[in-house]
Amino acid sequence: MSELTNLYQEVILDHCKRPRNFRVLESADHCADGYNPLCGDKVTLYVHLVDDRIADISFQGCGCAISTASASILTETLKGKTRAEAEALFQAFHNLVTGRPVESAQTPALGKLAVFSGVSQFPVRVKCASLAWHTLRSALEDKQTVASTE
Amino acid sequence: MATTRDVILAAGREVPAPGFDVRKIREHFPILKQKVYGKPLVYLDNAATSQKPQVVIDALVHFYTQDCANIHRGVYQLSERATQAHEGARLKLQRFLNASDTREIVYVRGATEGINLVAQTYGRQHVGAGDEILITAMEHHANIVPWQILCEEKGAHLRVAPINDRGELILEEFEKLLSDRTRLVSVAHVSNALGTINPVRQIVEMAHARNIPALIDGAQAAPHLKVDVQALGCDFYVLSGHKLFGPTGIGALYGKASLLESMPPYQGGGDMILSVTFEKTIYNHIPNKFEAGTPNIAGAIGWGAALDYLTSVGMENISSYEHALLAYAIEAIGQVPGVRLIGTAREKTGVLSFVVEGIHPHDVGTILDQEGIAVRTGHHCAQPVMARFGVPATVRASLAFYNTKQEINALAAGLERVKAMFA
């Protein structure tokens, strides 16, 4: 059961049951929808940028524990970060969940995101963990299409 | 030289004696002996694909080690043997479905291709602007999308008969949707996502009363029920070999000979012609008219071995065993607090589609997998069915005749584990 408890860490289960920043953001100036056709997970990300910095961020949607917790922790982590910092975190996060080495310089910045390290042992769940991040990228790039992990 | 009968007997030599003992049945399926994460494999994804008995694996090995050659044109012994085995399997299929003639059995890749074949031949020939095709709300994508493609091309309309909260077709509504513009009815014999058994005989009668032909998608029915296409009266019936304990990439379309003869070819190429010049090509007779190119010879032969095996076990034995197992499973799974079954038709096969309150199906699937339990999670290629029940996805445990009560107990215990984890 160790791989499983590593996947479903307490922090992840907590964010699944009580997602943070789970609301529509009225002040949002960037917004995007994400969809994982494999399991039907849907997420909408709302971002309010001030001078290239994420002043506020929220999400809505429905999905599995991994995708919900990922979106929730994403919003917590990125509040106050610049776009460049968000992009760098996405890269580090993606390396983490796909089992690639995360540069040691990035490790402290990952912070709470480190709880997703267990995902790398479950390849079919990588898309669950990364959906919100793909959607964030769409939102920041003002893409009109629905973000997909495919 | 080996005759077709010899090949049939060779492929079926390990077939067990009649009677049903699930422990003996399980010994015929080598894959079931393995462990996953140190736990015995509990394979409950039979509606996606079924496991293969040793006789099927042996038939494939036998073909590739002894008889491998292309069919129909070779004058040498190997080709003759391959042809006989390939056509021998068609004969087995004809008998399995109780079709009246082997000419009515067209080999295809699977049920999906069978439906596409009918859509692209009969459909393009008979459906025009403003015409209608009638399906039901419980169809999987393979019995939706081919008709949408046809309707888009022809300016025709796809009509969808509704289902009730148990997941049963509302027959009165279905009948009301049969109009003088309906050109074809296409209905699942058994729903893949819900397990509902449709009253296909009545459906066919309703359609025929208005001179409308009926296609029945039997992909989920043939592994569980005795199918008799003449008793059903349907005009077309499609099924997949891999769901019927045979290899992947082989399936069949049954069509009434008169209809198949009147239909244009599906694909052009070798084997589907009698003569070719640059000026004019004469098409072959049915069923070869619809079988362009080198077919899945090994697949057909392997499937034939599966049909022999099923016949020796007895489809009636399989049905009654599964019926009892389903009743046990509904009770066992239903007793787990927070589990809600989706699809509670009074007539159904061994499909348990369910949601666990507050826990996403994907998470349920991952945790069950760690217990060695293989279930499917997601929309089961039936997104409209999921929408009908207001869920994005379900967990689906689908049974076969090699599943046991102990495995159902393992599933119930696994669900308790899932709940404990998320408590």
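## A two-chain predicted model at a glance

Of the 150 residues in chain A, 43% count as buried. That chain is one half of the predicted model you are looking at, and its partner is chain B, where 51% of the 423 residues count as buried. For the complex, the predictor reports an ipTM of 0.87 and a pTM of 0.91. The points below take you through chain A, then the contact between the chains, then chain B.

**Chain A: overall build**

- Chain A is made of six helices and four strands.
- Follow chain A along its sequence and you meet the pattern α-α-β-β-β-α-α-α-α-β.
- Its radius of gyration is 14 Å, close to the 15 Å that the globule rule gives for 150 residues, so chain A is as compact as a globular protein of that length.
- The C-alpha trace of chain A spans about 45 × 35 × 30 Å along its principal axes.
- Take the contacts in chain A between residues at least 6 apart in sequence: 62% of them join residues at least 24 apart.

**Chain A: the sheet and its helices**

- A useful bit of background is that strands of a sheet pair through backbone hydrogen bonds, either parallel or antiparallel.
- In chain A, four strands make an open sheet with mixed pairing, in the order S3-S2-S1-S4.
- Which strands stand at the edges of this sheet? They are S3 (53-62) and S4 (147-148) of chain A; each has a single partner strand, so one side of each is left without a neighbour in the sheet.
- Helix H3 (residues 65-78) of chain A packs on the sheet, where it touches S2 (41-50) and S3 of chain A. The direction of H3 makes about 165° with that of S3(A).
- Strand S1 (residues 30-36) of chain A pairs with S4(A) in the parallel sense, over two bridges. To find this pairing in the structure, look for A:Gly34, which stands opposite A:Ala147 in S4(A).
- Helix H6 (residues 126-140) of chain A lies across S1, S2, S3 and S4 of chain A, and runs at about 150° to S1(A).

**Where the two chains meet**

- How many residues of each chain are in contact with the other chain? The contact involves 14 residues of chain A and 13 residues of chain B.
- On the chain A side, eleven of the residues are nonpolar, two are polar and one is charged.

**Chain B: overall build**

- Chain B has 15 helices and 17 strands.
- A compact globule of 423 residues would have a radius of gyration near 22 Å, and the 22 Å of chain B agrees with that.
- Along its principal axes, the C-alpha trace of chain B spans about 75 × 55 × 35 Å.
- Among contacts in chain B between residues at least 6 apart in sequence, 72% join residues at least 24 apart.
- The average pLDDT of chain B is 94, with 96% of the residues scoring at least 70.
- Residues 1-18 of chain B keep a pLDDT under 50, and the model has 36 contacts beyond four places in sequence for them.

**Chain B: a buried strand**

- In a regular strand the side chains alternate between the two faces of the sheet.
- You can see two directions in S4(B): B:Ile105 and B:Tyr107 point one way, while B:Val106 and B:Val108 point the other way. Are these four residues buried or exposed? All are buried.
- S4(B) pairs with strand S10 (residues 251-255) of chain B in the antiparallel sense over four bridges, and B:Tyr107 stands opposite B:Ala252 in S10(B).

**Chain B: loops worth a look**

- Most residues other than glycine have a negative phi, and most peptide bonds are trans. The next residues are good places to look for exceptions.
- B:Tyr37 has a positive phi, near 55°, and sits in the loop between S1 (35-36) and S2 (39-40) of chain B. With 13 C-beta neighbours inside 10 Å, B:Tyr37 counts as partly exposed.
- B:Gly38 is in the loop between S1 and S2 of chain B. This glycine has 7 other C-beta atoms within 10 Å, so B:Gly38 is exposed.
- B:Asn98 also has a positive phi, of about 55°, and is found in the loop between H4 (77-97) and S4 (105-108) of chain B. It counts as partly exposed, with 14 C-beta neighbours inside 10 Å.
- The peptide bond from B:Ile286 to B:Pro287 is cis, with omega near 0°. B:Pro287 lies in the loop between S12 (281-283) and H11 (297-313) of chain B.

How values were computed: Residues numbered from 1 in each chain as written. Chains lettered and ligands numbered in written order. Predicted model: local features only at pLDDT ≥ 70, side-chain atom pairs only at ≥ 80, totals over all residues. Pairing = 2+ DSSP bridges. Contact = placed C-beta atoms within 7 Å. Axes fitted to C-alpha atoms, helices over the stretch in contact; angles between N-to-C directions. Nonpolar A, V, L, I, M, F, W, Y, C, P; charged D, E, K, R; others polar. Rg over C-alpha atoms; globule rule 2.2 N^0.38 Å. Buried ≥ 20, exposed ≤ 12 C-beta atoms within 10 Å, placed from the backbone. pLDDT = per-residue confidence, 0-100.
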